[in-house]
Amino acid sequence: MKLYHGSNIVVERPKILQSDRRLDFGTGFYLTSSYEQAERWAFLTVRRRGVGKQIITSYDFDEGKLPSLKVTKFEGASVEWLKFIANNRNVKDFIDESDIVIGPVANDRTMPIIKLYFSGIYDEGETIKRLLPQKLKDQYVFKSEKALKLLVLSEVIER
């Protein structure tokens, strides 16, 4: 399968970098199967950092290798997915032992709803109900060196 990474630099050799930002699935190398989502990430990265240009790097990944990894997969917006995001974004020392996490992206349109959940205004059921109409793109987060080694650089596209 083809996976895309959007950034402001070319990423020939993916690495797991610690981030000051608390992300949906924690620390890892973020990819998506959606070229459009990768474009959005590249745009946001350039805007946030104020340097570089939009670059989408594509990788080939053999899905047949998933059984050799510890994979956490969320099929869609669910209570388990919501709790996982809440832990990654709000619990300072949350530990996840997955090699790869796969699931929907909590994006600009969904974050206001999720923030209402974090603040206790919405419960889990109401939050999921409000998220279900959203057409959420996917994200694949490679969280271990073992998983990263399975990515094969395919193409670099500069915008």
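In what order do the elements of the chain run from the N terminus on? They go β-β-α-β-β-α-β-α-α-β-α-β. Keep in mind that what you're looking at is a predicted model.

## Overall build

Count up the secondary structure and you get 5 helices and 7 strands. The C-alpha atoms of the chain fit in a box of roughly 45 × 40 × 30 Å along the principal axes.

How does the radius of gyration fit a compact globule? For 159 residues, such a globule would come out near 15 Å, and the chain has 16 Å, which agrees.

## Inside and outside

Of the 159 residues, 45% count as buried. On the outside, the chain exposes about 8900 Å², with carbon and sulfur atoms supplying 49% of that area.

As for charge, there are 26 positive and 22 negative side chains. The centres of these two sets lie 4 Å apart.

## How the chain meets itself

Take the contacts between residues at least 6 apart in sequence: 83% of them join residues at least 24 apart.

## A look at N88

For a single residue to follow, try N88, which sits in helix α2, residues 79-90. Is N88 buried or exposed? Its relative accessible area is 9%, and the cut-off for buried is under 20%, so N88 is buried.

Who are its contacts? Leaving out residues up to four places away in sequence, N88 touches R22, L23, D24, F25, G26 and F94. N88 and L23 are 65 residues apart along the chain, yet their C-alpha atoms are separated by 6.5 Å.

Note on methods
Residues numbered from 1 in each chain as written. Predicted model: local features only at pLDDT ≥ 70, side-chain atom pairs only at ≥ 80, totals over all residues. Heavy atoms only, no water. Helix = DSSP H or I, 4+ residues; strand = E, 2+ residues; numbered from the N terminus. Rg over C-alpha atoms; globule rule 2.2 N^0.38 Å. Buried < 20%, exposed > 50% of the residue type's maximum accessible area, 1.4 Å probe, protein only. Contact = heavy atoms within 4.5 Å. Areas by Shrake-Rupley, 256 points an atom, 1.4 Å probe, with all protein chains shown as cover. Lys, Arg positive; Asp, Glu negative; His and termini not counted. Charge placed at Lys NZ, Arg CZ, Asp CG, Glu CD.
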